[in-house]
Amino acid sequence: MKRIANTNNNAKAKNYKNLDNKSSFRYLCLSNDLAVGGSRKFSIRDERDKEIEIAVFNIEGKYYAISNTCQHQKGPLSEGIIDSEKKIVTCPWHGWKYSVIDGKAPHKGGDSVNSYEIKVVEDKLYVDSIPTNVGTRITQPHQAYSSLDNSVQQFLNHMDNDRRLEVKGEGGGGYRNVDREVRVLGISTTNSNDKIAPRNSTSEAALSYALDYVKNEFRAETLMIKLRDLHFKHCEGYYSKNAKACIFPCSISEMDKEDKMIVIYEKVILWADVVIVATPIRWGNASSLYYQMIQRMNCVQNQIITHDTYLIRDKVAAFIITGGQDNVQHVAGELMMFWSELGFVFGKFPFVGWSRGWYAEDTENNLNAMKDNQQMQQDLMRTMRGALEMSRLVKENRYDERVLSKSG
Ligand code: FES
């Protein structure tokens with residue numbers, strides 16, 4: 001047996017005579033197989049014969065091993081960014097940091113992961129499957145985030161239990177919540193600035209008209225969210241790193257208490273039966289705020305991809321699109337594509353669009369022109385009736401549950 005050439009931690013006295021079999025050390029690879037500056041993931045069996053993943057780093061010729069699994073959302077630390085000087089690895093998914101020496105966070109109060117001892121014997125790398133330090137999750141999401149997370153879990157459990165309990169022939173009968181008033185959420189996506197230079201938003205006025213109509217005619221419970229009043233960040237593209245890095249609720253809301261996308265998630269997933277999105281046309285597309293919102297909803301759709309979980313159940317969407325010039329149908333196509341991807345269904349006449357045509361540069365007259373337009377009002381009412389009727393149908397017929405149970 002040759003001398004042990006490289007040790008990171010001499011705290012434990014071990015019998016290294018049988019490194020390949022009887023000790024708690026596990027063979028990893030030839031030391032040459034992990035170049036200076038490199039890192040690799042290994043799967044080994046621990047003392048209880050459970051498979052664990054460790055990340056091994058070669059920093060300036062010294063080897064370090066910590067758990068490969070980030071405490072936050074299980075990001076792969078072997079793929080993280082290494083700070084050789086500080087011996088810190090940054091998780092590639094959302095940026096949690098760990099010392100590769102002992103697995104601890106470099107800042108007070110941070111999470112830690114297991115760290116392991118590495119030995120080099122005859123140019124072979126071995127790792128001790130018993131951790132030197134045991135990692136712990138210390139940080140907890142803020143109240144609003146955990147509360148949404150818990151509520152959504154309860155909602156999904158309820159839906160699953162309901163499905164198991166209530167499938168009894170066509171129609172299902174008495175499906176949950178079908179007797180309460182329908183809830184209609186309006187999302188106004190205009191970015192008109194009311195504070196500095198107040199102006200009238202045609203799309204928002206049409207949305208108000210639509211919500212009043214369903215409230216007065218159908219006793220619907222209504223709620224309008226004005227996106228411009230919510231502070232929320234743009235998508236930071238965690239999905240591009242790995243589909244599983246795009247978690248629900250979005251990690252941005254978890255990391256930033258002030259991020260109010262939580263309100264949108266809660267109202268869209270848990271509260272509303274019908275969602276009406278109203279947008280002005282801006283250079284042929286929906287408003288920039290609308291896109292900011294839907295990009296943050298990638299995590300809702302992504303649950304289907306990563307967890308086979310459908311957060312949107314038996315919900316209907318409809319759209320109001322207004323513009324001084326044109327492109328109503330193009331915008332409607334974009335909106336319908338996205339909301340159908342989330343799992344929404346549509347009633348008859350799922351969008352109502354209104355434009356004064358290419359030459360209407362007098363945009364200050366848009367709102368009054370719309371108010372004077374009886375056809376527009378008729379169309380709004382027709383679209384609302386279509387949405388409410390579809391909402392009733394999908395609930396009574398348990399549309400989503402039937403589709404999901406067949407496709408599953
Ligand atoms: S920071 Fe590691 S998984 Fe989120």
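The secondary structure of this protein, taken from a predicted model, comes to ten helices and 16 strands. Of its 408 residues, 39% are buried. Among contacts with a separation of 6 or more, 69% are between residues 24 or more positions apart. The points below cover two open sheets, the helices that accompany one of them, and a further helix.

**The parallel sheet**

- Five strands form an open sheet with parallel pairing, in the order S13-S12-S14-S15-S16.
- At the edges of this sheet stand S13 and strand S16 (351-355), each of which pairs on one side only.
- On average, neighbouring strands of this sheet are turned by 15 degrees against each other, direction ignored.
- Helix H7 (residues 328-342) packs on this sheet and touches strand S14 (274-280), strand S15 (316-323) and S16. The direction of H7 makes about 155 degrees with that of S15.

**Strands S12 and S13, with helix H2**

- Strand S12 (residues 183-188) and strand S13 (residues 221-226) run parallel and are joined by six bridges.
- Two of the residues with a bridge partner in S13 are arginine 183, whose partner is glutamate 221, and valine 184, whose partner is threonine 222.
- A right-handed β-α-β unit is made by S12, helix H2 (residues 202-218) and S13.
- The 17 residues of H2 should span 24 Å at 1.5 Å a residue, and the end C-alpha atoms of H2 are indeed 24 Å apart, so the two values agree.
- The buried residues of H2 are Thr202, Ser203, Glu204, Ala205, Ala206, Leu207, Ala210, Leu211, Tyr213 and Val214.
- These buried residues of H2 pack against four strands of the parallel sheet, namely S12, S13, S14 and S15. They also pack against helix H8 (366-371) and helix H9 (374-396).
- Arginine 219, just after H2, takes a positive phi of about 55 degrees.

**Arginine 183**

- Arginine 183 lies in strand S12.
- This residue counts as buried because arginine 183 has 20 C-beta neighbours inside 10 Å, and a residue is buried if 20 or more such atoms lie within that distance.
- Leaving aside residues up to four places away in sequence, arginine 183 touches Ala220, Glu221, Trp271, Ala272 and Asp273.
- One of these contacts spans much of the chain: arginine 183 and aspartate 273 are 90 residues apart along the chain, yet their C-alpha atoms are separated by 5.2 Å.

**Strand S15 and its neighbours**

- All of S15 is buried, eight of eight residues, so the strand is largely enclosed by the rest of the structure.
- In a regular strand, side chains alternate between the two faces of the sheet.
- Both faces of S15 are covered, with Val316, Ala318, Ile320 and Thr322 buried on one side. Ala317, Phe319, Ile321 and Gly323 are buried on the other.
- S14 and S15 run parallel and are joined by seven bridges. Here alanine 278 stands opposite isoleucine 320 in S15.
- S15 also pairs with S16 in the parallel sense, over five bridges. In this pair threonine 322 stands opposite tryptophan 354 in S16.
- S15, H7 and S16 make a right-handed β-α-β unit.

**The antiparallel sheet**

- Another open sheet has four strands in the order S3-S4-S5-S9, with antiparallel pairing.
- Its edge strands are strand S3 (39-45) and strand S9 (115-116), each pairing on one side only.
- Strand S4 (residues 51-59) and strand S5 (residues 62-67) run antiparallel and are joined by six bridges.
- Valine 56 stands opposite alanine 65 in S5.

**Helix H4**

- In helix H4 (residues 261-271), the buried residues are Met261, Ile262, Ile264, Tyr265, Val268 and Ile269.
- These residues lie on the same side of H4, because they cover an arc of only 160 degrees around the axis.
- An α-helix has 3.6 residues a turn, so residues three or four places apart point the same way.

Conventions:
Residues are numbered from 1 along each chain as its sequence is written. This is a predicted model: local features need pLDDT of at least 70, side-chain atom pairs count only at pLDDT 80 or more; totals for chains, interfaces and linings use all residues. Two strands pair if DSSP finds at least two bridges between them. A crossover is right-handed if, with the strands pointing away from the viewer, the path from the first strand over the helix to the second runs clockwise. A residue is buried if 20 or more other C-beta atoms lie within 10 Å of its own, exposed if 12 or fewer, and partly exposed in between; C-beta atoms are placed from the backbone. Two residues are in contact if their C-beta atoms, placed from the backbone, lie within 7 Å. The arc is that of the directions from the helix axis to the C-beta atoms. Axes are lines fitted to C-alpha atoms, for helices over the stretch in contact, and angles run from 0 to 180 degrees between N-to-C directions. The expected span of a helix is 1.5 Å times one less than its number of residues.
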